[in-house]
Amino acid sequence: LYTIEKRDLASEIEAKYQNEQKEQEIALLASENNLQNLQIEKRENERNYLIAFAFVALVFIGLIFNQYRVKHRANKKLKELDQLKSNFFANISHEFRTPLSLLMGPLKEKIDIVESTSDKALFKMMYRNADRLYQLINQLLDLSKLEDGKLEIHKTDVEVNKFFRIIAASFSSMAEAKNINFSSTLPDKQSVLEFDKDVIEKACNNLLSNAFKFTPEEGSVNLSVQIEAKNLVITVSDTGPGINPEEQANVFGRFYQTPGTEKFGTGIGLALTKELVELHKGQIFIESQPPQGSTFTIKIPVMGTSISPEYERVNLNEAGMKYVVTDEDLEMEEMKESPSILVIEDNPDLQGYLSDLMGKRYKIHRADNGDAGIQKAKEIIPDLIISDVMMPGKNGLEVCDSLKSALETNHIPII
């Protein structure tokens, strides 16, 4: 009985143990199942977060790309508008220059032949103002070229003293008319430097024009030119009203005018001067202390050597010597057959004026546009071609390219 009782108890304990073990296994399986569910849920959340992040990122990238496209289109549109503006300035300036040439040419002839003092003074005044308008138009064209990057530096050997002496001489009559004491300090030593004559001349003319514009009667204007190390230093000083310190930073801005000076100009000159100087890798500075006047200084890096006798002989005619036509020259010219010139010009007035000017010495042929000019040149083979640049059909550059590419006309010089 005791053994049976122990056996039953052992069986009961074993069954109980087996149940507990099963329960633990079931609990463990349930825990593992819960853990797997949690891991699956976590992965789903991570996937959802990743999808949401990718969606937000795509939206953000799309917005950035759209902004870039809008900005790119805007920049392209601005460039097109800027190009249209530059073309407009070039075209309108060309249209202005043609009638101005027709005004200035006959005025210059009248000034040379008129005998009445009052008439001569009137014609000179008219010519001076027409020339002023011509210079303003050229400044607009230069600004347009600078914006397009088409204005390039062309350096040549220049004799410094003679070059600036000619610039100074061109302002002597203005100084006399306005009763201003004008002086110039130029290098004594004859030196040849390498720089762009056109750029430096325009910069000096703008600075001197401003100096004379703002200097009152009995005031002083001075042009000083020095060669320091490898720099050409040009200084223009005046005894005008001067420029306030707070205004000096803005004077080189386009179309900017200091208060009270609106009637004196357009605000283009100093902006153009600064851009021309910087194009030449130079610098421009201003010093002014009202009311003691202003001083503008230009520093241009240059290369150069002392002048040689050969250079002086080659440039002898440039110093002002003129060739005098004698009766013998005229007789020899009459013995020859008159050279022929082809004038290609779409403006009939300018075409007629050029033909009248040269008709006494040359045989003149005319063409109204580029296409007709090319055909005419191939028919008559002239000795010289004078062509406008901007014309309907083929422009002057295309005419030049076409004629220089043709065997029968590539020898003809074209202006």
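Select Phe-164 to begin the tour: in this predicted model, Phe-164 has a relative accessibility of 0% and therefore counts as buried. Keep Phe-164 on screen and add Phe-163, which is buried as well, with a relative accessible area of 8%. Now turn the view until both rings can be seen. A pair of aromatic rings is described by the distance of the centres and the angle of the planes. For Phe-163 and Phe-164 the centres are 5.0 Å apart and the planes stand at 85 degrees, and because an angle over 60 degrees counts as edge-to-face, that is the name given to this pair.

Which ring pairs with Phe-163 at 5.6 Å, centre to centre? Select Phe-195, whose ring makes an edge-to-face pair with the ring of Phe-163, with 65 degrees between the planes. This pair links distant parts of the chain, since Phe-163 belongs to helix H3 (residues 160-169) while Phe-195 belongs to strand E3 (residues 191-195), and the two are 32 residues apart. Phe-195 has a relative accessibility of 0%, so this residue is buried. With Phe-163, Phe-164 and Phe-195 displayed together, you are looking at one aromatic cluster. The count of aromatic pairs in the model comes to four.

Move next to helix H5, which covers residues 197-214, and select Asp-198 and Lys-202. These two residues form a salt bridge, in which the closest N and O atoms are 3.1 Å apart. Asp-198 and Lys-202 are four residues apart in the helix, so about one helical turn separates them. An α-helix has 3.6 residues a turn, so residues three or four places apart point the same way. Are these partners buried, partly exposed or exposed? Asp-198 is partly exposed, with a relative accessible area of 40%, and Lys-202 is also partly exposed, at 24%.

The model has two salt bridges by the count, and to see another you can select Glu-278 and Lys-274, whose side chains meet with 2.5 Å from N to O. Both residues lie in helix H7, four residues apart, which is about one turn of the helix. Glu-278 is partly exposed at 42% relative accessibility, and Lys-274 is partly exposed with a relative accessible area of 26%.

Stay with helix H7, which covers residues 269-279, and select Thr-273 inside that helix. Thr-273 has a relative accessible area of 0% and is buried. What does Thr-273 touch, once residues up to four places away in sequence are set aside? Display Ala-203, Asn-206, Leu-207, Ile-284 and Ile-298, and you will have the residues that Thr-273 touches under that condition. Thr-273 has buried company in H7, including Gly-269, Leu-270, Ala-271, Leu-272, Leu-276 and Val-277. Following the chain past the helix, you come to Lys-281, whose phi is positive, near 65 degrees.

From there, go to strand E5 (residues 231-238) and select Ser-237. Leaving aside neighbours within four places in sequence, Ser-237 is in contact with Ser-220, Val-221, Asn-222, Ser-294 and Thr-295. If you also select Glu-287, you can compare two kinds of separation, for Ser-237 and Glu-287 are 50 residues apart in sequence and 9.2 Å apart in space, taken from C-alpha to C-alpha.

The next stop is Lys-108 together with Tyr-127. The charged end of Lys-108 sits over the ring of Tyr-127, 5.5 Å from the centre of that ring.

Now look at the surface and select Phe-55, Val-56, Val-59 and Leu-63, which make a nonpolar surface patch of about 410 Å². One of these residues, Val-59, lies in helix H1 (residues 2-113). Val-59 counts as partly exposed, at 39% relative accessibility.

Finally, clear the selection and show the whole protein chain, which has 12 helices and 11 strands. How much of the chain is buried? Buried residues make up 31% of the 415 residues. The chain exposes about 27400 Å², and carbon and sulfur atoms supply 55% of that area. Among contacts between residues at least 6 apart in sequence, 68% join residues at least 24 apart. The pair of Phe-163 and Phe-195, at 32 residues apart, is a place to return to when you think about links between distant parts of the chain.

Key
Residues are numbered from 1 along each chain as its sequence is written. This is a predicted model: local features need pLDDT of at least 70, side-chain atom pairs count only at pLDDT 80 or more; totals for chains, interfaces and linings use all residues. Side-chain values use heavy atoms; hydrogens and water are left out. Buried means under 20% relative accessible area, exposed over 50%, partly exposed in between (1.4 Å probe, protein chains only). Contact means heavy atoms within 4.5 Å. Rings of Phe, Tyr and Trp (its six-membered ring) pair if their centres lie within 6.5 Å; planes under 30 degrees apart count as stacked, over 60 as edge-to-face and the rest as tilted. A charge sits over a ring if NZ of Lys or CZ of Arg is within 6 Å of the ring centre and within 35 degrees of the ring normal. Accessible areas come from the Shrake-Rupley method with a 1.4 Å probe; for residues, only the protein chains shown count as cover. Patches are made of residues with over 30% relative accessible area and no salt bridge: like charges are joined within 9 Å, nonpolar side chains (Val, Leu, Ile, Met, Phe, Trp, Tyr) within 5 Å. A salt bridge is a side-chain nitrogen of Lys or Arg within 4 Å of a carboxyl oxygen of Asp or Glu.
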